[in-house]
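Work through these short exercises on strands and their partners. Keep the structure open beside the text.

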Amino acid sequence: MGTQGHATPLMSQPGNVGIPVQNNLPPLPGGSNPLVRPGFPSNANIQQQRVPSINQDFSPTRANTAMLHGNRYPTIPAQRVSSQPNLQSTYNQQFQPQFVHNQQYNTKPASGYNTPNFNHYQNVSPNQSVVNQGFNKLWGAENYDLLQTANILPPTRIEPPQITLGNDTLNAANCSGEIFRSTVTKIPESQSLLQKSRLPLGILIHPFKDLTHLSVIQCNVIVRCRACRTYINPFVYFVDSKRWKCNLCYRVNDLPEEFQYDPVSKTYGDPSRRPEIKSSTIEYIAPAEYMLRPPQPAVYLFLLDVSRLAVESGYLHLFSKVLLEELVNLPGDSRMQVGFIAFDSCLHFFSLAEGLSQPHEMMVLDIDDVFLPCPDNLLVNLKDRMELVKDLLNQLPSRYNNSYDNNSALGAALQAAHRMMSATGGRVTVFQASLPNVGPGALTAREDPNQRASAEVNNLKPANDFYKRLALDCSSHQIAVDLFIVNSQYVDIATISGISRFSGGCIYHFPLFKFERPILSEKLTNSLRRYITRKIGFEAVMRIRCTRGMSIHTFHGNFFVRSTDLLSLPNVNPDSGYGMQVSIDENLSDVENVCFQAALLYTSSKGERRIRVHTLCLPVVSTLHDVINSADQQCIIGLLAKMAVDRSIESSLSDAREAFINVAIDILSSYKLSLNLGSTPGGLLAPNCLKLLPLYISALLKNQAFRTGTSTRLDDRVQAMFEMKTKPLPWLIQSIYPDLYPVHNLEEQQVILNMMEEPVHVPPHLQLTSRLIDNNGAYLMDTGDHMMLYICSGVSQVFLKECLGVPNFNMLSDQMYEIPTIENQANQRLISLIDYLNSEKPHRATIQIIKDNSPSRSVFLERLIEDRVENALSYHEFLQHIKAQVK
């Protein structure tokens, strides 16, 4: 997301967007970027073109490009018969799906809803014998005709694919897929083989994830390669008991005598007994040489918008309440400091000096040349001034009730924060409710509400580079800025987010926030409570290393790229993920495995300097079949989504949408080539590991970040794009394709045990289509931070009474935001399921009960993204479009 008119040296480019380190264009999968399609014909001059063979040209022009005009889907001929003939063609007709049992699928069982036949995946390969199909299934290389497989979604959660290294010990030691994932679990031996596969090559990492088991080591010498500085790990080779060979650069290094001591058994002997060799995720307590200065204290500064819109939103009530409750849980030690600045058209500082009976407010009217009204007592030790801080928080909700100042001097407040914290570093938390319109960094509204449904979206780039430049200054002083945006009007997130994206911060968005709205209020409360109390790392840097012959060339996430492979993270938190694109520079045929290692150096909130190291090992293969059948479809989607955000901002949204479709066509064409089926007519074949790729791409095209033809506020779209860049993969996939469960017959579902060894009835996942919504059912949709319980009018009165405490459907309130606790088994089963789903989230999801005749039903129905809507195809129609172009 480079800013116009300001060139930044490549060696020190900031990142939230892909940062090409070696060139200006990120490469496609296998060396070329699917989101950059050179030679793509313009819509003004389109001919019917044949897709060239993969071996002929890696930048093919596309047949039927004219059909992609507008929403980038083909137009539907009037005579076409829908793949779901009994469903409505759009949601606009009352947003009411017709619940018809299509004979193409399964009949309705006694339990009362259309259960997909999850075990009947149709494996249709025209030229494969039964024997070949049997062997393919045995080897995990079976394929599916997507057009003939109605229920392609597995009934249970999709786990990260297993990595097989040919050694059980190494397999067990490899890094968890919850932390480190690659788009392929087998690395092609050459760039040309990668290009043939058409798969993107990259890695996604969740480096500071909350872990229940983590080996922490304190030693005098941390063993590292003398040449490339790789940390010793399970995949090194021990030449003998005193020497080891680096698995990244292959240098032979000496082992210090201390490393032969096993801290568990407290004996000397085999170095392979060490924790560093048994686990790919390890944390060191760093010695003094890893410190440029004494570890900083935890410093927290809160910047509060008190303009009229902010006061009317009521967020100050919620902020003060949550912070008062959690002050004692703020991460830190006895040195922890806090401070507060409020801002409207001027800056309001609060002195919390010793001896004061209450906080002393000082107003600075000169916002064009910011200064601090007093040198001390703006940031104070929390333990020493706890009562003054509590007094201020109790005053804040009503302190500005009589203010009618409509201005917001965010830029000046951030400059003051930078001055206050530059000596120590720390975390700045900003609450912003209105467009910053005065002082440094002032903005004017750029959104045209009449263009919200347009195929081309403007103003995705920042309006100025003020916030980006200030973020770089903050980063150099170890300051990260986090944004909580509680707006009711346009605030230009595309511009103001630069302060967070380039300082290692994070962004939370609560559009149309009002304290009186239960869902929004609860969502902000949950997010803020998690934010205040979660683990934090200060003054962090992260370096990603890889085996010789490979290189990392583009980074995705919120950070500043200090050098080619060093990411500056003034703050690091357990809820942020990062992505990197990888290229193969040399032939890897002489090595069996390659490795990636991420090392995160940070200061804990208790003042300890620590290093968390993750190492991922992948085998090298030489055949196209092995490469394609090692694809990790969810990781591919995660990487492509990040790349598409860059493409949308730097080029256009329509280019990014075209590129998504091209990726699906390219990969399925390559798979067909690998089967050696020639031009034999058949269905749309996909291997098991890629069978959900078109489904996810279809969902992305309808996602708030990339959709067209549907009214989408610019701030909402931009925030959705930034979440694509920063969400850890499991949360990202759930936001792209939510989980849907039938819950009206939980007593008949599979029982598992939760972490407390308590039974939980977990129903199968359903695909997001009204075809599977029965008028006699109830359905729970989990989008990650929000759940919806959709109640159909024909659901049994027993379910309504036992689970929701109402005698009939008409008595169910349209304003119901929690499941009541009732002393019966049915209610307990439903609550246990919701608790189980919440146990894997950073904080509890909000929940809303929606009746199928409620005005708010569109919130649920629009997430049934496999159905056709007015401006986008159904999933089945999307598959037909893909099939027409797979050659």
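**Exercise 1.** How many residues lie between S7 and S8 in their hairpin?

Solution. The model is a predicted one. Start with the pairing: S7 covers residues 237-240 and S8 covers residues 243-245. The two strands run antiparallel and are joined by three bridges. Next, take one bridge: Asp240 has Arg243 in S8 as its partner. Finally, read the connection: two residues separate S7 and S8 in the hairpin.

**Exercise 2.** Which strands pair with S19, and over how many bridges?

Solution. Take S18 (residues 426-432): this strand pairs with S19 in the parallel sense, over seven bridges. Across that pairing, Phe431 stands opposite Phe484. Now take S20 (residues 507-509): three bridges join this strand to S19, again running parallel. Here Ile485 of S19 faces His509 of S20.

**Exercise 3.** What is the handedness of the β-α-β unit made by S18, H10 and S19?

Solution. Follow the chain from S18 through helix H10 (residues 466-476) to S19. The unit is right-handed.

**Exercise 4.** Are the residues of S19 that point either way buried or exposed?

Solution. First, the principle: side chains in a regular strand alternate between the two faces of the sheet. Then sort S19 (residues 479-485). Ile479, Val481, Leu483 and Ile485 point one way. Ala480, Asp482 and Phe484 point the other way. Now apply the cut-off: buried means under 20% relative accessible area. Both sets are buried, Asp482 included. The count for the strand is seven of seven residues buried.

Conventions:
Residues numbered from 1 in each chain as written. Predicted model: local features only at pLDDT ≥ 70, side-chain atom pairs only at ≥ 80, totals over all residues. Heavy atoms only, no water. Pairing = 2+ DSSP bridges. Helix = DSSP H or I, 4+ residues; strand = E, 2+ residues; numbered from the N terminus. Buried < 20%, exposed > 50% of the residue type's maximum accessible area, 1.4 Å probe, protein only. Right-handed = clockwise from strand over helix to strand, strands pointing away.
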